[in-house]
Protein chains: 4
Amino acid sequence: MTDVELTKKIFDRDRFVKLIGAEIIELDAEKAVVRAPITEQCFNANGTAQGGMLYTLADFAFAVHANYIHPMTVTQCGHIDYVRPSKPPYVVAEAREKVRVGHNTVSEVILRDASGEIVCVCTFNGFVKDVDRATLVEKFQ
Amino acid sequence: MTDVELTKKIFDRDRFVKLIGAEIIELDAEKAVVRAPITEQCFNANGTAQGGMLYTLADFAFAVHANYIHPMTVTQCGHIDYVRPSKPPYVVAEAREKVRVGHNTVSEVILRDASGEIVCVCTFNGFVKDVDRATLVEKFQ
Amino acid sequence: MTDVELTKKIFDRDRFVKLIGAEIIELDAEKAVVRAPITEQCFNANGTAQGGMLYTLADFAFAVHANYIHPMTVTQCGHIDYVRPSKPPYVVAEAREKVRVGHNTVSEVILRDASGEIVCVCTFNGFVKDVDRATLVEKFQ
Amino acid sequence: MTDVELTKKIFDRDRFVKLIGAEIIELDAEKAVVRAPITEQCFNANGTAQGGMLYTLADFAFAVHANYIHPMTVTQCGHIDYVRPSKPPYVVAEAREKVRVGHNTVSEVILRDASGEIVCVCTFNGFVKDVDRATLVEKFQ
């Protein structure tokens, strides 16, 4: 099982991410790219993507990348700035690590809609638990 | 139609909040309290409430309160600190405004699980659009 | 040496806090209150208290309280929302812990000017190192 | 007077930035780079650069860049993640805008010490006031 396969197996267990239809598009040492459709079920009262759905996608991108490059990482803090409404048909989140020192990792996540325009800018601070690979494989395979 | 009824009508249109089963428990000038069940559909890979679901509930509490006390308010930034896992059967979010000056409002949202222990601490910064009540009633009734 | 005295001794070593003239006004299990004068040396280009000076005072309030209730605590993340300009003669910051779980503490800090109006709302996330008291006394007495 | 000169003139009035000895190193459409010495006056109780001093430098980098590319911009929220201590002799902050939409701008600021290692990662959300150039020139020349 490759590291990408292991990471995908872990997040196959994330039920909430499944609920919003998010999926992993790219995953390598540099970045994770995830995508979710903007359907009626994730509309807010104004008929655009709900803020919590956007945050969920951002956190998913961060979690996928952080857990791929140094498992297991849990989110300590998340920060999101909204700059414009997110319109259908989908939104893409790209996570890149800015720095990792010891048990701490800080990453940036940028959300763009289908037109390529940025809709949100996020920062996540994660705590790296340094679980060994064998333990993860046993738990999630 | 009372202001509480109007606010509830507005958020009846929020499809994503419905998806997670969140509901308004209390709403007055001091605070908004909202609650959502922690069911399997909102589990993360570790079987506890997913971080995005928790953020969504927090943002919902903020949005309900801010739009009740000064419609319409949109979230500019959200910040969440996670301190412990959120276990079933439910999580409650309580929003209180810290300060409002002109078009800006800053609120705190505290999330607690069923045991009453704090699981997340959040801050939201909203932009108040000052839409008049008649426009809202017409749009959402 | 009481715990308050020990905490004050520790922060007597904080040269940057001295530079802005900040001092501890109140310190107990519930809160820390610190104050700094708004003099010309801390003006920004518009002649009001500079944003970094305000953040510094907020972080000082957090650090004093967190290190008093569970030494040693280091700031992992700081978040500040500015809502109005801070005018002379002084600004006061009050820190209160929201929650502590294991090595993590999350606190709120509210800044008010001399009129009592809120000028900033802050959240700090600290990592508690659990240094024993004897070590601190030896280092800072 | 060029735009760079105008921006420098504006920040010549920032007394607090002068107090920490910060100066503008680079300024163009892509980024602002500012630097400050880490001297004893900015030490915290542990003899490394104080967290408020680091935040001040980050906010300065943001303010310089934001006011250069679209004057006048005021900070609405600042967020800082600390990842390692900042040692002498100096620290450098580089600000880059991530996105601007209407009155809102979101920028990233990265702080590095003299070794080039990242010490802090920051996000700033600014409100753009759209003051015309002639007004600024008159006020700050």
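Where does Asp130(C) lie in chain C? Asp130(C) lies in the loop between strand S6 (118–128) and H4 of chain C.

The structure is a predicted model, in which local features need pLDDT of at least 70, side-chain atom pairs count only at pLDDT 80 or more, and totals for chains, interfaces and linings use all residues. Residues are numbered from 1 along each chain as its sequence is written, chains are lettered from A and ligands numbered from 1 in the order in which they are written, and side-chain values use heavy atoms, with hydrogens and water left out.

**Exercise 1. Describe the backbone and the exposure of Asp130 in chains B and C.**

Step 1. Helices (H or I, at least four residues) and strands (E, at least two) are DSSP runs, numbered from the N terminus. In chain B, Asp130(B) belongs to the loop between strand S6 (118–128) and helix H4 (133–140).

Step 2. Asp130(B) is not a glycine, although its phi is positive, at about 55°. For Asp130(C), also a residue other than glycine, phi is positive and about 55°.

Step 3. A residue is buried under 20% relative accessible area, exposed over 50%, and partly exposed in between (1.4 Å probe, protein chains only). With a relative accessible area of 46%, Asp130(B) is partly exposed. Asp130(C) counts as partly exposed at 45% relative accessibility.

**Exercise 2. Locate the cis peptide bonds of chains B and C.**

Step 1. In chain B, the bond that joins Pro88(B) and Pro89(B) is cis, with omega about 10°. Pro89(B) is part of the loop between strand S3 (73–82) and strand S4 (90–101) of chain B.

Step 2. In chain C, the peptide bond from Pro88(C) to Pro89(C) is cis, and omega is near 10°. The loop that holds Pro89(C) runs between strand S3 (73–82) and S4 of chain C.

**Exercise 3. Determine how many disulfides the structure has, and examine two of its cysteines.**

Step 1. A disulfide is a covalent bond between the sulfur atoms of two cysteines. The test used here is a pair of cysteine sulfur atoms within 2.5 Å.

Step 2. Over all chains, the count comes to zero disulfides. For Cys120(A), the nearest cysteine sulfur is that of Cys122(A), 5.6 Å away, and Cys120(A) is in no disulfide. In chain C, Cys122(C) is in no disulfide either, the nearest cysteine sulfur being that of Cys120(C), at 5.6 Å.

Step 3. Cys120(A) is buried, at 0% relative accessibility. Cys122(C) is buried as well, with a relative accessible area of 0%.

**Exercise 4. Analyse three salt bridges and one network.**

Step 1. A salt bridge is a side-chain nitrogen of Lys or Arg within 4 Å of a carboxyl oxygen of Asp or Glu. The whole structure contains 44 salt bridges over all chains.

Step 2. One of them pairs Glu40(B) with Arg15(A), with the closest N and O atoms 3.3 Å apart. Glu40(B) lies in the loop between strand S2 (32–37) and helix H3 (51–69) of chain B, whereas Arg15(A) lies in helix H2 of chain A, so the pair joins two chains. Arg15(A) is partly exposed, at 39% relative accessible area.

Step 3. Within chain C, Asp3(C) and Arg133(C) form a salt bridge with an N to O distance of 2.8 Å. Because Asp3(C) is in helix H1 (residues 3–12) and Arg133(C) in helix H4 (residues 133–140), the pair ties together parts that are 130 residues apart in sequence. Asp3(C) is partly exposed, at 38%, and Arg133(C) is partly exposed, at 35%.

Step 4. Glu108(C) and Lys98(C) also form a salt bridge, their closest N and O atoms being 3.8 Å apart. Glu108(C) is in strand S5 (residues 104–113) and Lys98(C) in strand S4 (residues 90–101) of chain C, so the pair ties together parts that are 10 residues apart in sequence. Glu108(C) is buried, at 9%, whereas Lys98(C) is partly exposed, at 26%.

Step 5. A network of salt bridges links Lys98(A), Glu108(A), Lys98(D) and Glu108(D).

**Exercise 5. Describe two residues of helix H3 in chain C.**

Step 1. Gly51(C) is placed in helix H3 (residues 51–69) of chain C and is buried, with 13% relative accessible area. Gly51(C) and Leu19(C) are 32 residues apart along the chain, and their C-alpha atoms are separated by 16 Å.

Step 2. Leu54(C) is also found in helix H3 of chain C and is buried, at 3%. From C-alpha to C-alpha, Leu54(C) and Val92(C) are 9.4 Å apart in space, and they are 38 residues apart in sequence.
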